[in-house]
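This report describes selected side-chain pairings and one helix of a single chain. The structure is shown first, and the discussion follows.

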Amino acid sequence: MTTSAAASAPRRRRGPALEAALLDAAWDELVEAGFAKLTMESVASRAGTGIAVLYRRWANKDELVLAALEHYRSRHPIELPDTGTLRGDLLAALTGMGETRAAFFAVTAAAAFSGLLAGTGLTPSQVRDRIIGDQRLPRVRGIYQRAHDRGEIDLERIPPAVLAMPFDLVRHDLLMDLKPVAPARIRSIVDELFLPLVRGHHG
C-alpha cells in the first residue's frame, strides 16, 4: 500500500474511541430524528459500523440512548468560575449551566415523553440520576469551599439541601421551560432565595 493510500484509508476504531463514536452518533440521531424514530440500525448506519457492534455494548435502544445522554453531559461540563465572591461565582455558574444544558434538557425531555421512561423500566428519579449523575453537589462544592475560606459562609452550618438548591431550581426551570434560564430568574434565585438562607446559617 502506498503512503497516500494508507493515509486515506479509514482508521479502525477500537475501545473507548469506538464507543465515543457510537455514542456521538446516537446523540446526533436523537437530536435529528427523535427518540421514537431512532433505531439501533439508524445509529449503526450513522456511525458507519455494523449493528452487532452496538448490541455487544447495549441491550436495546433505551440503554443506548441513556448512555448517549450521559456521554453528552460528561463531554460538555459546566464551567465553574472563580470571580472572587460567592454571589459572582453562583451567577456565572448558573448562567453557564442554563446556557450549556438547555439543549440537553430539551432533548432529554423529548426522549422521556416519547417512551424512554417506559422502555427502561426505571423510575423518573432513577433516570434522572443516570443522566445527571451522582456527583451534582461535589462538583460545585469548590465554589462553596472558596466562599467558606474567604469567610463568606460557614459550610459546617449549612445543610446540603440548601447548597444544592440553586442548581436544583435551575434544573427545574430548564426541564419545565426547555430554554436558557432568564438572567432575572437567576438573580432572584441567588439574591432572594439562596444568599439570605446561607447568611442565616453564618456564625
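Arg46 has a relative accessible area of 35%, which means that this residue is partly exposed, since the class lies between 20% and 50%. The model is a predicted one. Arg46 pairs with Glu32 in a salt bridge whose closest N and O atoms are 2.9 Å apart. Because Arg46 belongs to helix 3 (residues 40-47) and Glu32 to helix 2 (residues 15-33), the pair ties together parts that are 14 residues apart in sequence. Glu32 itself is exposed, with a relative accessible area of 59%. A network of salt bridges links Glu29, Glu32 and Arg46.

Side chains of opposite charge can pair when their charged atoms come close. The structure holds 10 salt bridges, including those in the table.

| Basic residue | Acidic residue | Closest N and O atoms |
|---|---|---|
| Arg46 | Glu32 | 2.9 Å |
| Arg150 | Glu152 | 2.8 Å |
| Arg185 | Asp173 | 2.6 Å |

In the Arg150 pair, Arg150 is partly exposed at a relative accessible area of 34%, and Glu152 is also partly exposed, at 31% relative accessibility.

The salt bridge between Arg185 and Asp173 links distant parts of the chain, with Arg185 in helix 10 and Asp173 in helix 9, 12 residues apart. Are these two partners buried or exposed, or in between? Arg185 is partly exposed, with a relative accessible area of 30%, whereas Asp173 counts as buried because its relative accessibility is 10%, under the 20% limit.

Asp173 leads to helix 9, where the buried residues are Val162, Leu163, Ala164, Met165, Pro166, Phe167, Val170, Arg171, Asp173 and Leu174. One of them, Pro166, is the centre of a kink of about 40° in helix 9. How far apart are the end C-alpha atoms of helix 9? Helix 9 covers residues 160-177, so at 1.5 Å a residue its 18 residues should span 26 Å; the end C-alpha atoms are 26 Å apart, which agrees with that expectation.

Just after helix 9, Leu178 adopts a positive phi of about 55°. Leu178 is located in the loop between helix 9 and helix 10 (183-200). With 38% relative accessibility, Leu178 counts as partly exposed. Together with Leu175 and Met176, Leu178 forms a nonpolar patch on the surface, and the three residues have about 270 Å² of accessible area together.

Definitions and conventions: Residues are numbered from 1 along each chain as its sequence is written. This is a predicted model: local features need pLDDT of at least 70, side-chain atom pairs count only at pLDDT 80 or more; totals for chains, interfaces and linings use all residues. Side-chain values use heavy atoms; hydrogens and water are left out. Helices (H or I, at least four residues) and strands (E, at least two) are DSSP runs, numbered from the N terminus. The expected span of a helix is 1.5 Å times one less than its number of residues. The bend at a residue is the angle between axes fitted to the seven residues ending there and the seven starting there. Buried means under 20% relative accessible area, exposed over 50%, partly exposed in between (1.4 Å probe, protein chains only). Patches are made of residues with over 30% relative accessible area and no salt bridge: like charges are joined within 9 Å, nonpolar side chains (Val, Leu, Ile, Met, Phe, Trp, Tyr) within 5 Å. Accessible areas come from the Shrake-Rupley method with a 1.4 Å probe; for residues, only the protein chains shown count as cover. A salt bridge is a side-chain nitrogen of Lys or Arg within 4 Å of a carboxyl oxygen of Asp or Glu.
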